[in-house]
Amino acid sequence: MARVGIVMGSDSDMPVMSRAADVLEKLGVDFEMTIISAHREPDVFFEYARGAEAKGFQVIIAGAGKAAHLPGMCAAIFPMPVIGVPMKTSDLGGVDSLYSIVQMPGGIPVATVAINGGANAGILAAKILATSDQELLKRLKVYSEEMKEEVKGKAEKLDEIGYKAYLAQM
């Protein structure tokens, strides 16, 4: 049973939202991904949000651009954590999406990551789940250690070959 629902308003959001899916997959967290427009198909959206708890979702990651109502509406209906991912837009660079998601009224919080922050949304969802899942917590610690080792490896390579050669390889 999927523990995380990943929902986006458009398939144009897929490159960003797939990063959340990639992280969850790496950490062994089951998820379900779908595309629903809160504005163009509100009846489908309400059915999704109302049924998410019964489907076993413990967290929803919702990505949206422009007016970005999808995360906030999920939070208004779904009783557990919602993480909003504001999408970079051509109109205002994603600041419109960010403000729409982060400026929720009192009592309807949406945890919000950076513009196009799909990977961080996946990590945050896993951290929320890890508060009651010791095996997932262990996998998160290994993931963090892998990131640390990756950075150390890059620093060692820079020291070894110098910045000009390092830049040439990027």
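So, which is Lys66: buried, partly exposed or exposed? Keep that one in mind for a second. What we have on the screen is a predicted model, so everything I say is about that model.

Okay, Lys66. Its relative accessible area is 45%, and because the partly exposed class runs between 20% and 50%, Lys66 is partly exposed. Where does Lys66 sit? You'll find Lys66 in the loop that joins strand 3 to helix 3. The backbone is worth a look too. Most residues other than glycine have a negative phi. Lys66 is not a glycine, yet it has a positive phi of about 55 degrees.

Lys66 also takes us to the largest pocket. Gly9, Ser10, Ala64, Gly65 and Lys66 are the lining residues nearest the pocket centre, out of 21 that line it. The volume of that pocket comes to about 390 Å³. If you sort the lining by class, you get eight nonpolar, nine polar and four charged residues.

Now, who touches that stretch of chain? One answer is Ser97, a residue of helix 4. Leaving out neighbours within four places in sequence, Ser97 has contacts to Ala64, Gly65 and Lys66, and also to Ala68, Pro86, Met87 and Thr89. Ser97 has a relative accessible area of 0%, so it is buried.

Let's stay with helix 4. Its buried residues are Asp96, Ser97 and Ile101. Looking down the helix axis, they fall within an arc of 125 degrees, so they line one face of helix 4. That fits the usual geometry: with 3.6 residues a turn in an α-helix, residues three or four places apart point the same way. What do the buried residues of helix 4 pack against? Strand 3, helix 3, strand 4 and strand 5, the last being residues 111-112.

Helix 3 is next, residues 69-77. Here the buried residues are Leu70, Pro71, Gly72, Cys74 and Ala75. They pack against strand 1 (4-8), helix 2 (42-51), strand 3 (59-64), strand 4 (82-86) and helix 4 (95-102). So we have helix 4 listed for helix 3, and helix 3 listed for helix 4.

On to the aromatics. How many aromatic pairs does the structure hold? Two. Phe45 and Phe46 make an edge-to-face pair, because their planes are at 65 degrees, with the ring centres 5.4 Å apart. Tyr48 and Phe57 form the tilted pair, at 6.1 Å centre to centre and 55 degrees between the planes.

Burial across those rings goes like this. Phe45 is buried, at 1% relative accessibility, whereas Phe46 is at 28% and counts as partly exposed. In the tilted pair, Tyr48 has a relative accessible area of 9%, so it is buried, and Phe57 is buried at 1%.

One last stop, back to phi. Asn116 is not a glycine either, and it has a positive phi of about 60 degrees. Where is Asn116? In the loop between strand 5 and helix 5, which covers 118-130. At 27% relative accessibility, Asn116 counts as partly exposed.

To wrap up, if you open the model yourselves, start at Lys66 in the loop between strand 3 and helix 3, then step over to Ser97, which is in contact with Lys66.

Key: Residues are numbered from 1 along each chain as its sequence is written. This is a predicted model: local features need pLDDT of at least 70, side-chain atom pairs count only at pLDDT 80 or more; totals for chains, interfaces and linings use all residues. Side-chain values use heavy atoms; hydrogens and water are left out. Buried means under 20% relative accessible area, exposed over 50%, partly exposed in between (1.4 Å probe, protein chains only). Helices (H or I, at least four residues) and strands (E, at least two) are DSSP runs, numbered from the N terminus. Contact means heavy atoms within 4.5 Å. Rings of Phe, Tyr and Trp (its six-membered ring) pair if their centres lie within 6.5 Å; planes under 30 degrees apart count as stacked, over 60 as edge-to-face and the rest as tilted. The arc is that of the directions from the helix axis to the C-beta atoms. On a 1 Å grid over the protein atoms alone, a cavity is a set of points where a 1.4 Å probe fits but cannot get out, and a pocket is an open set with protein on both sides within 12 Å along at least five of seven lines; lining residues have an atom within 4 Å of a point. Grid points are joined across faces, edges and corners, and a volume is the space filled by probe spheres set on the points. Ala, Val, Leu, Ile, Met, Phe, Trp, Tyr, Cys and Pro count as nonpolar, Asp, Glu, Lys and Arg as charged, and the others, Gly among them, as polar.
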